[in-house]
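Visitor: I am new to reading structures, and I would like to learn how to take one feature after another and make sense of each. Could we work through an example together?

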Amino acid sequence: MIALHRIRKTDTPEYRFMEELLTAAFPPEEYRDPAELRELTRGREIFHNNLVCDDETPVGLVTFWDFGDFHYVEHFATLPAVRNRGCGGRVLDLLRERLPTPLVLEAELPADETARRRIAFYERQGFRVWKRDYRQPPYRPGDGFLPMHLLFRGAPEFEERFDAVRDRIHGEVYGC
């Protein structure tokens, strides 16, 4: 059974698992400095750093921000051994059950087969791609903005809130 366990301490094996998976699953320009992530995990109430477990065995991570009227999924990854076995869909189903507001996330542009499969996975889970230009702000000084898609799952009228959602993510998550 899939479960989420919120991590608040950064000196645990669970946190080390999460951090190692994060840095293996994402290129450096797509995650924040580890010291900053530790600080958010310990002290920012609206930031949720979660270990994904299958029958108490760690298999992934999902981090999200609770903005009250929507939740922004910043990172979501599973171990390669559990991919394509329905684990990711079950995690998103669990988030849908627990989080009553629309979910928003970023995904790479469909420039290669992996990115196309990722977007198709999210679309099968009920996400829609906003048909607007979106650029992920840099996590580190000196890095550039990354062209990405912003996706959402929620009521159709939520699509009209692109500018407000983008501005909230940019301000709260990326500090710009």
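Visitor: How many aromatic pairs does a search of the whole structure find?

Guide: This is a predicted model, so please read everything that follows as a description of a prediction. A search through the whole of the structure finds eleven aromatic pairs. One of them is formed by Trp130 and Phe162, whose rings lie 5.4 Å apart from centre to centre with 75° between their planes, an arrangement called edge-to-face because the angle is over 60 degrees. The two partners come from distant parts of the chain, 32 residues apart, with Trp130 in the loop between β6 and β7 and Phe162 in helix α5. Both Trp130 and Phe162 are buried.

Visitor: Which residues do ring pairs link into a cluster?

Guide: Ring pairs join Phe47, Trp65, Phe67, Phe70, Trp130, Phe152, Phe158 and Phe162 into a cluster, and you will recognise Trp130 and Phe162 there from the pair we have just discussed. A ring can also have a charged group over its face, and here Arg135 lies over the face of Phe145 at 4.5 Å from the ring centre, while Arg140 lies over that of Tyr31 at 5.2 Å.

Visitor: How should I read a helix, and why do the buried residues of α4 line one face?

Guide: The general idea is that an α-helix has 3.6 residues a turn, so residues three or four places apart point the same way. In helix α4, which runs through residues 113-124, the buried residues are Ala115, Ile119 and Tyr122. Seen down the axis of α4, these buried residues fall within an arc of 60°, and therefore they line one face of the helix. Among the elements that cover them are α3, β4, β5, β6 and β8.

Visitor: What span should the twelve residues of α4 have, and what is found at the two ends of this helix?

Guide: At 1.5 Å a residue the expected span is 16 Å, and because the end C-alpha atoms of α4 are 16 Å apart, the model agrees with that expectation. At the start of α4, a side-chain oxygen of Asp112 comes to within 3.2 Å of the backbone nitrogen of Thr114, whereas just after the helix Gly126 takes a positive phi of about 95°.

Visitor: Is Glu74 buried or exposed, and which side chain does a polar contact join to that of Glu74?

Guide: To decide the first point, compare the relative accessible area with the cut-off: Glu74 has a value of 8%, and because buried means under 20%, Glu74 counts as buried. Glu74 lies in strand β4, and a polar contact of 2.6 Å joins its side chain to that of Arg32. Leaving aside neighbours within four places in sequence, the contacts of Glu74 include Phe47, Trp65 and Tyr139.

A second case is Thr41 in helix α2, which counts as buried because its relative accessibility is 4%. The side chain of Thr41 reaches the backbone oxygen of Leu37 at 2.8 Å.

Visitor: Where do Asp55 and Glu56 lie, and what phi does each of them have?

Guide: Asp55 lies in the loop between β2 and β3, and Glu56 has its place in the loop between β2 and β3 as well. Asp55 has a positive phi of about 50° although it is not a glycine, and phi of Glu56, likewise a residue other than glycine, is near 70°. With a relative accessibility of 57%, Asp55 counts as exposed, and Glu56, at 59%, counts as exposed too.

Note on methods: Residues numbered from 1 in each chain as written. Predicted model: local features only at pLDDT ≥ 70, side-chain atom pairs only at ≥ 80, totals over all residues. Heavy atoms only, no water. Helix = DSSP H or I, 4+ residues; strand = E, 2+ residues; numbered from the N terminus. Expected span 1.5 Å × (residues − 1). Buried < 20%, exposed > 50% of the residue type's maximum accessible area, 1.4 Å probe, protein only. Arc of directions from axis to C-beta. Contact = heavy atoms within 4.5 Å. Polar contact = N/O pair within 3.5 Å; in protein donor to acceptor, adjacent residues only side chain to side chain. Phe/Tyr/Trp six-rings, centres within 6.5 Å; stacked < 30°, edge-to-face > 60°. Lys NZ or Arg CZ within 6 Å of the ring centre and 35° of its normal.
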